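Student: Could you take a close look with me at one part of this model, the salt bridges and the residues that form them? I would like one connected account that also places them in the fold.

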Amino acid sequence: MFYIYIIYSASCDIYYVGQSNDPERRLREHNEDFKNSYTAKFRPWSMKVRYPVSQLRKDARRLELYINLIYS
């Protein structure tokens with residue numbers, strides 16, 4: 001199952017929308033990975049929403065892109 005997840009950075013008051021088949025693992029990666037990524041500079045993140053979408057990643061990706069388009 002693929003999910004849409006929304007995480008929140010209280011330190012910067014921003015939200016981030018993503019998709020994954022394991023949202024809890026992705027939250028850990030957003031908070032712990034040592035890569036120089038977009039989300040690394042806004043740590044720490046907390047999970048606000050996890051929503052099951054589909055067995056197909058492409059469906060979750062489409063919804064992720066749609067949400068980002070609407071709220072950007």
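Tutor: With a relative accessibility of 45%, R50 counts as partly exposed in this predicted model. The side chain of R50 meets that of E24 in a salt bridge, at 2.4 Å from N to O. Since E24 belongs to helix α1 and R50 to strand β3 (residues 46-54), the pair ties together parts that are 26 residues apart in sequence. E24 is partly exposed too, at a relative accessible area of 33%; the class runs from 20% to 50%.

The salt bridges come to 6 in total, so let us visit some others. R26 forms one with E29, and the closest N and O atoms there are 2.5 Å apart. Both R26 and E29 sit in helix α1, 3 residues apart, which is about one turn of the helix. R26 has a relative accessible area of 21% and is partly exposed, as is E29 at 23%. In helix α2, D59 and R62 are likewise 3 residues apart, about one helical turn. Salt bridges that share partners also join D22, R25, R26 and E29 into one network. For the bridge between D59 and R62, the closest N and O atoms are 3.8 Å apart, where the cut-off is 4 Å. Here D59 counts as partly exposed at 25% relative accessibility, whereas R62 counts as exposed at 53%.

Helix α1 covers residues 23-32, and E32 is found in it. E32 is partly exposed, with a relative accessible area of 49%. Its C-alpha atom is separated by 8.9 Å from that of R43, 11 residues apart along the chain.

Now for helix α2, which spans residues 57-70 and includes Y66. Y66 joins I70 and Y71 in a nonpolar patch on the surface, and together they have about 400 Å² of accessible area. I67 lies in helix α2 as well, but I67 is buried, with a relative accessible area of 18%. Between the C-alpha atoms of I67 and Q19, 48 residues apart along the chain, the separation is 11 Å.

Q19 leads us to the strands: in β2, Q19 stands opposite I4. Strands β1 (residues 2-9) and β2 (residues 14-20) run antiparallel and are joined by 7 bridges. They form a hairpin with 4 residues between them, and D13 in the turn has a positive phi of about 55°.

Aromatic side chains add another set of contacts, with 5 aromatic pairs in the structure. One of them is F42 with W45, edge-to-face, at 6.4 Å centre to centre and 80° between the planes. F42 and W45 are both buried, and they belong to one aromatic cluster with Y16 and Y38.

Stepping back to the whole chain, its secondary structure comes to 2 helices and 3 strands. From the N terminus on, the order of elements is β-β-α-β-α. The radius of gyration is 12 Å, close to the 11 Å that the globule rule gives for 72 residues, so the chain is as compact as a globular protein of that length. Along the principal axes, the C-alpha atoms fill a box of roughly 30 × 25 × 20 Å. Of the 72 residues, 32% count as buried.

Technical notes: Residues are numbered from 1 along each chain as its sequence is written. This is a predicted model: local features need pLDDT of at least 70, side-chain atom pairs count only at pLDDT 80 or more; totals for chains, interfaces and linings use all residues. Side-chain values use heavy atoms; hydrogens and water are left out. Patches are made of residues with over 30% relative accessible area and no salt bridge: like charges are joined within 9 Å, nonpolar side chains (Val, Leu, Ile, Met, Phe, Trp, Tyr) within 5 Å. Accessible areas come from the Shrake-Rupley method with a 1.4 Å probe; for residues, only the protein chains shown count as cover. Rings of Phe, Tyr and Trp (its six-membered ring) pair if their centres lie within 6.5 Å; planes under 30 degrees apart count as stacked, over 60 as edge-to-face and the rest as tilted. Buried means under 20% relative accessible area, exposed over 50%, partly exposed in between (1.4 Å probe, protein chains only). Two strands pair if DSSP finds at least two bridges between them. The radius of gyration is taken over C-alpha atoms; the globule rule is 2.2 Å times the number of residues to the power 0.38.
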